[in-house]
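Here is a small set of exercises to work through with the model open beside you. Try each task before reading its solution.

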Amino acid sequence: MKKECTIALCYDFDGTLSPANMQEYSFIPQLQKEPKTFWNETCKIARKQDADEILAYMYLMCDQAKKLDIKIRRDDFVRFGKSVKFYKGLVSKNGNDWFSRINAYASEQGAVVKHYIISSGIKEMIEGTAIAGNFDKIYASSFMYDLYGVAMWPAQAVNYTTKMNFLFRINKGIFDVQKSINNYMPEHLRPVPFKRMIYFGDGSTDIPAMKLVKTQGGYSVAVHDGTTEKRKQSEKLLNENRVDFTATADYRKNSELTAQVCRVIDKIVAEYKIEHA
């Protein structure tokens, strides 16, 4: 039986799909702090303890919530996620959202699209967002919970290097994080070769993942919010050969991002058809 052409669209979250860090919509306001203050404190802890910044912010979330007697159970994180806002085109009440359109376009070309999140944000929050149901798998930082369901310790911390681990999981089809991906698997047996991946990111924490996908024959895109500062950061990534193209994070039907991704899908499908003729 002929294998179908599967294309993986892999997304960072904060700054890529959402304009702000997810913690800034509901969680940090409960701490009665400005987002800038919270992130500055995170950086101070990381420097003082020589710690990973992702672990530092997860510690600070738990520490600050405990001091203010704010319960952060799994259900609370999911609830926080419901307030997260998105760039235009990702959510639609009439079914004309980014995911539906890209899936339909790929299907017309003879391909199947799978969507994946690879984020340093909180998995439980992402699961509560309006777009969570569109993803085949969500890889993100998460917590362990005590007998009362309260977050007590990080279960998973996703940083800029571990993002590459999850790309290999998608590449090999080994999605369970408890299973090793180190065993050898011939390229022709891998469900989604890197050359059939598109990685969406927005900043420095995405660089290793962007470069990996691009170097292995896939496609990386740096999105930005349209401001001069963010546009220059994206163009810098392009000039340094870390991404294939840049675009405003506009996921609507007639945007340049949509047009460019459709062109990439066309190319991937054409190459697939040549290889399997």
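**Exercise 1: the nonpolar core**

The largest nonpolar core has 60 residues, and Leu17 and Trp98 are those with the most contacts inside it. A nonpolar core here is a set of buried Ala, Val, Leu, Ile, Met, Phe, Trp, Tyr and Cys residues joined through side-chain atoms within 4.5 Å; buried means under 20% relative accessible area, exposed over 50%, and partly exposed in between (1.4 Å probe, protein chains only). This is a predicted model, in which local features need pLDDT of at least 70 and side-chain atom pairs count only at pLDDT 80 or more, while totals for chains, interfaces and linings use all residues. Residues are numbered from 1 along each chain as its sequence is written, and side-chain values use heavy atoms, with hydrogens and water left out.

Task: find which helix gives the most to this core, then list what Trp98 touches.

Solution.
- Step 1. Helix α10 (residues 256-275) gives the most, with eight residues; helices (H or I, at least four residues) and strands (E, at least two) are DSSP runs, numbered from the N terminus.
- Step 2. Leaving aside residues up to four places away in sequence, Trp98 touches Leu9, Tyr11, Gly89, Leu90, His115, Phe200, Tyr251, Thr258 and Val261. Contact means heavy atoms within 4.5 Å.
- Step 3. Apart from this core lies another, of 21 residues, including Tyr116 and Val192.

**Exercise 2: aromatic pairs**

Task: find how many aromatic pairs the whole structure has, and classify the pair of Phe13 and Phe86.

Solution.
- Step 1. The search finds 15 aromatic pairs. Rings of Phe, Tyr and Trp (its six-membered ring) pair if their centres lie within 6.5 Å; planes under 30 degrees apart count as stacked, over 60 as edge-to-face and the rest as tilted.
- Step 2. The ring centres of Phe13 and Phe86 are 5.8 Å apart with planes at 80°, so this pair is edge-to-face.
- Step 3. Phe13 sits in the loop between β1 (5-11) and α1 (27-30), and Phe86 in the loop between α4 (74-81) and α5 (98-109), so the pair ties together parts 73 residues apart in sequence.
- Step 4. Phe13 counts as buried at 0% relative accessibility, and Phe86 counts as buried at 15%.
- Step 5. Ring pairs also link Tyr11, Trp98, Phe99, Phe135, Phe200 and Tyr251 into a cluster.

**Exercise 3: two pockets**

Task: give the volume of the largest pocket and of the second largest pocket, and divide each lining by class.

Solution.
- Step 1. On a 1 Å grid over the protein atoms alone, a pocket is an open set of points where a 1.4 Å probe fits, with protein on both sides within 12 Å along at least five of seven lines; lining residues have an atom within 4 Å of a point. Points are joined across faces, edges and corners, and a volume is the space filled by probe spheres set on them.
- Step 2. The largest pocket holds about 940 Å³. Its lining has 37 residues, with Asp14, Asn21, Asp202, Ser204 and Thr205 nearest its centre.
- Step 3. That lining divides into twelve nonpolar, 14 polar and eleven charged residues. Ala, Val, Leu, Ile, Met, Phe, Trp, Tyr, Cys and Pro count as nonpolar, Asp, Glu, Lys and Arg as charged, and the others, Gly among them, as polar.
- Step 4. The second largest pocket holds about 470 Å³, and its lining has 16 nonpolar, one polar and four charged residues.
- Step 5. α3 gives the most to the lining of the second largest pocket, with eight residues.
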